[in-house]
Every structure is written in structure tokens, then in C-alpha cells.
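Visitor: I'm new to this one and would like a close look at a single part, rather than a tour of everything. Could you pick out the aromatic rings and what surrounds them, and take me through it slowly?

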Amino acid sequence: MDIIDKIKRLTYEKGWTIYQLSNEAEIGQSTLTNMFTRKTLPSITTLTKLCDAFEITLSEFFEENKNIIEIFT
């Protein structure tokens, strides 16, 4: 899993710009720009703020496949 690509995808799904993500996550815009342009990995604190902004948990962020099939008997 590429963490930066996942953050970009979640940002795109929300329809946010980097500026909007910065405001929602309360993270400096320069921090996000560095992550996206230099592929700098976020700290756990930063990633937690991003997950809070996306309204997901860290566990959900690291899930590889959300397509779980439930079988009813």
C-alpha cells in the first residue's frame, strides 16, 4: 500500500483541495505539499489527524480490501 497515494485518493473522493484537507485536518499546507511532492511519509500524529478529517480510523485506513462479502445462513 502506498500511503501517499491513499491520502490523495481519499482527498479526491471527498472532493477536497490540499487547502481544504489542510483546514479539515488542522495540518499545515506546507506539510501536505511536502508529503505529496517529495513523498514524505506522515508521522503517526499527522496520519491520525488526516484519518479524523476523512472520518475513518487508522485501522480502516490500513485496510487493504473493504469489499467484504457477508454470507447469511
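**Around the rings**

Guide: Let's warm up at Thr46: leaving aside its neighbours within four places in sequence, this residue is in contact with Ile27 and Met35. Thr46 belongs to helix 4, and it counts as buried because its relative accessible area is 15%, with the cut-off for buried set at under 20%. Keep helix 4 in mind, as we'll come back to it with the rings.

Before that, a word on the whole thing. What you're looking at is a predicted model. The protein chain has five helices and zero strands, so to speak a plain α-α-α-α-α when you read along the sequence. Of its 73 residues, 32% are buried. And if you take the contacts between residues at least 6 apart in sequence, 58% of them join residues at least 24 apart.

Now for the rings. How many aromatic pairs does the structure hold? There are two. A pair of aromatic rings is described by the distance of the centres and the angle of the planes, and I'll give you both numbers each time.

Start with Trp16 and Phe54. Their rings are stacked, with 5.8 Å from centre to centre and 15° between the planes. Trp16 sits in the loop between helix 1 (3–14) and helix 2, while Phe54 is in helix 4, so this pair ties together parts that are 38 residues apart in sequence. Are these two buried or exposed? Trp16 counts as buried, at 19% relative accessibility, and so does Phe54, at 5%.

The other pair is Phe61 with Phe62. Here the arrangement is edge-to-face: the centres are 5.1 Å apart and the planes make an angle of 85°. Phe61 is buried, because its relative accessible area is 1%. Phe62 has a relative accessible area of 38%, which means that it is partly exposed. Phe61 has a charged companion too: the charged end of Lys6 sits over its ring, 5.3 Å from the centre.

What does Leu10 touch, once residues up to four places away in sequence are not counted? Phe54, Ile56 and Phe61. In other words, Leu10 meets a ring from each pair: Phe54 comes from the stacked one, Phe61 from the edge-to-face one, and Leu10 touches both. You'll find Leu10 in helix 1, and at 11% relative accessibility it counts as buried. From Leu10 you can also look across to Leu21, which is 11 residues away along the chain; their C-alpha atoms are separated by 10.0 Å.

Leu21 leads us to the last stop, the place where helix 2 (residues 18–25) packs with helix 4 (residues 44–54). The angle there is about 100° and the axes are 8 Å apart, which makes helix 2 roughly perpendicular to helix 4. On the helix 2 side you have Leu21, Glu24 and Ala25, and they meet Lys49, Leu50, Ala53 and Phe54 of helix 4. Sorted by kind, the residues of this contact are five nonpolar, no polar and two charged.

So Phe54 is a good residue to keep your eye on. Its ring stacks with Trp16, Leu10 touches it, and it takes part in the meeting of helix 2 with helix 4.

Technical notes. Residues are numbered from 1 along each chain as its sequence is written. This is a predicted model: local features need pLDDT of at least 70, side-chain atom pairs count only at pLDDT 80 or more; totals for chains, interfaces and linings use all residues. Side-chain values use heavy atoms; hydrogens and water are left out. Axes are lines fitted to C-alpha atoms, for helices over the stretch in contact, and angles run from 0 to 180 degrees between N-to-C directions. Helices (H or I, at least four residues) and strands (E, at least two) are DSSP runs, numbered from the N terminus. Angles under 35 degrees count as roughly parallel, over 145 as roughly antiparallel, 65 to 115 as roughly perpendicular and the rest as oblique. Contact means heavy atoms within 4.5 Å. Ala, Val, Leu, Ile, Met, Phe, Trp, Tyr, Cys and Pro count as nonpolar, Asp, Glu, Lys and Arg as charged, and the others, Gly among them, as polar. Rings of Phe, Tyr and Trp (its six-membered ring) pair if their centres lie within 6.5 Å; planes under 30 degrees apart count as stacked, over 60 as edge-to-face and the rest as tilted. Buried means under 20% relative accessible area, exposed over 50%, partly exposed in between (1.4 Å probe, protein chains only). A charge sits over a ring if NZ of Lys or CZ of Arg is within 6 Å of the ring centre and within 35 degrees of the ring normal.
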